[in-house]
Amino acid sequence: MSEQVLMPMIGTDSLENKQRAKDSLEKARLAHEKYLIAQRNNDLQEAIEHYVDAVKYDPSIPETYYRLATLMWEQGQISINTAIEQCKTAISLAPSNKDAHLYTGYFMQLAQDYASAEKEFKSAIAMNPLTSGRPRMILSQSILHKINTQNGTFKDYTGFLYYFLTGSIMLAWDRPTMKMFYKNMSNDVSIFSYNTVGKFYEKFKMYESAEKVYQEAVEKTPHSEHFYGKIGDLALRNNNFETTVECYRKVLEANPLNRDVLVKLATILQTYFPENTSEAIDCYEKLLEFDIDTAQIYYELGHLYMSKDDKLNSVSAFKLAVDKEPENPFFNNSLGYAYARAELYDDAIEHYQKAISLNPDAEWTSIVCQALGAIYAEHKGNMEAAVSTYQAGIILDPKNYDLYIALGDMYMADYDLEKAIRSYCDAITLNPEEARAYSKVGIALWEKDYLEEALVAYHKAVELNPENEFSQNNLGILYLDGLADAEEALEYFEEAIALNPNYTLAYFNAGRASQEMGFTNDAANYYQMAIDLNRLTEELDEEDIQRRLHNLFEI
């Protein structure tokens, strides 16, 4: 949402413009009063237009800034922070204007900056202590609101009582104002009572009783959104995430600019309701209006866009995060990943390298090295850079199992079997209960003609992970082609097929084993299945399979 930000405009000091400003201000006041009585949107729009005209004709009138800020904030055209800045503009124009300080304090209270709000209210009181009943009452109400939303101190309670009592005395002759304040105060006292009882139940983990109190408060107080927030917090504590989301949504229906609830709702949706990605994105986009922690918000948005496979927006969001915090390693890493997903590998390399150079944590950085090494190996064809990057990652974290595997794969691709075996064995030493390294070292040992060692490795791989069809198939190959034991080999090929009925190579190998054992019909069936599947997978040379099939029936 774009904001209209009011700034003093350059204009002439002519009497004509000052009269126009005066006329516009009077029209704005009348429309404002009509809006407060009837709550008609056209009156609100008319008031805003006349206040804007008053600023244009005479930018030195402080009243236009804080009144216009109030209306524009109420309509959602500006954020609380912008409203505060406009009220401060009014103070800069008229430092002794009591109302300018009161409005500034009001918006600071809404932003939950209670210390700054109290300072503004006290400034208004100090300007005319003898007639400071209204600012005293407003300050007492602000302190009570602080007590209701935060853990109040003894000083807060005594401050509330002091300003409430002194304000009541000073307003004793102002019946309309007193009536308004006592009505508001009774609401706050009611909220205070429900809060106190609810917190008591929460303290003793009587959560059902606390929820009942807050439900009653929803029905009997004019601030239902406050207690929906309480119920949502209780549900979150008890891992009832659906109720939490429902309550936080009700809070935002009443107050779309509740920053704390927007943060909570966005986080819960992102964590527990991945199907609600669009709603989480909406929450974060609203949070951007507050202009607080924008880099982190862009970072979260990037991940949400990534989950939607929206590569362009994910790159844009992470880039905005990096622009705001260029030295943040996590932002650079995520931007690198987004670029890689978008197949912009040179940009990905740049930001992965940046994240590695910042190195906030050796273990984390080693994982980034793994991602960067994969880009060098798989997309840039730079095996030397890939090996160097993997080695750097291992130096950072000698316990990174995946890096040893990746480094071994690089050596295998270069057919440096000795180094590949060494890397896979390092992985086995690091985690002897993980099957992957045994499978990979088994291939390297087989290529090195170390048959017995390869058999030991593959038997261990199958023992650790019997559900892996590839290990079963490869172990069968060792028995068939290494030991010429077709019967033993066939058992492993058939197990691989049982695990994956679409495993083309396993059917082909089962056909070979059956042929060696003289089971012609079985071999023919396996070869035919391999041919049928291969037309989809294109893993093997179909002519070779056809030739083997025909040879079965030659005399």
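Let's start at Glu63, which sits in helix 3, spanning residues 62-74, in what is a predicted model. Its relative accessibility is 12%, so Glu63 counts as buried, the cut-off being under 20%. For a buried acidic residue you'll want to know about partners, and there is one: the side chains of Glu63 and Arg29 are joined by a polar contact of 2.4 Å. Leaving aside residues up to four places away in sequence, Glu63 touches Leu25 and Arg29.

Now hop along to Ile169, in helix 8 (residues 154-170). With 62% relative accessibility, Ile169 counts as exposed, because the line for that is drawn at over 50%. Ile169 and Gly133 are 36 residues apart in sequence, yet their C-alpha atoms are 7.5 Å apart in space.

Next up is helix 17, which covers residues 329-341. Just at its start, Asn328 has a side-chain oxygen that reaches to within 2.9 Å of the backbone nitrogen of Phe330. The length works out nicely: 13 residues at 1.5 Å each should span 18 Å, and the end C-alpha atoms are indeed 18 Å apart, so the two agree. How enclosed is helix 17 by the rest of the structure? Largely, because ten of its 13 residues are buried. Among them are Pro329, Phe331, Leu335, Gly336 and Tyr339, along with polar residues such as Asn332, Asn333 and Ser334. If you want to see what does the enclosing, look at helix 15, helix 16, helix 18 (345-358) and helix 19 (362-378), since the buried residues of helix 17 pack against these. After helix 17 comes Glu343, with a positive phi near 65°.

That last point is worth a short detour. Most residues other than glycine have a negative phi. Glu343 has company here: Asp309, also not a glycine, has a positive phi near 60°. Asp309 lies in the loop that links helix 15 (294-307) to helix 16 (311-324), and at 44% relative accessibility it counts as partly exposed. Further along the chain, Glu538 has a positive phi too, near 55°. You'll find Glu538 in the loop between helix 28 (520-537) and helix 29 (542-551). Its relative accessible area is 65%, so Glu538 is exposed.

Staying with helix 28 for a moment, Asp532 has its place there. With a relative accessible area of 35%, Asp532 is partly exposed. Measuring from C-alpha to C-alpha, Asp532 and Cys369 are 42 Å apart in space, with their positions 163 residues apart in sequence.

Finally, take a look at a helix pair. How do helix 24 (residues 451-464) and helix 25 (residues 469-482) cross? Their axes come within 9 Å, at an angle of roughly 155°. An angle over 145 degrees counts as roughly antiparallel, so helix 24 is roughly antiparallel to helix 25. The crossing of helix 24 past helix 25 is left-handed. On the helix 24 side, the contact is made by residues including Leu451, Ala454, Leu455, Tyr458 and Val462. Helix 25 contributes residues including Ser471, Asn474, Leu475, Leu478 and Gly482. As for the spacing in those lists, an α-helix has 3.6 residues a turn, so residues three or four places apart point the same way.

Methods:
Residues numbered from 1 in each chain as written. Predicted model: local features only at pLDDT ≥ 70, side-chain atom pairs only at ≥ 80, totals over all residues. Heavy atoms only, no water. Helix = DSSP H or I, 4+ residues; strand = E, 2+ residues; numbered from the N terminus. Buried < 20%, exposed > 50% of the residue type's maximum accessible area, 1.4 Å probe, protein only. Polar contact = N/O pair within 3.5 Å; in protein donor to acceptor, adjacent residues only side chain to side chain. Contact = heavy atoms within 4.5 Å. Expected span 1.5 Å × (residues − 1). Axes fitted to C-alpha atoms, helices over the stretch in contact; angles between N-to-C directions. Parallel < 35°, antiparallel > 145°, perpendicular 65-115°, else oblique. Left-handed = near helix turned anticlockwise from the far one by under 90°.
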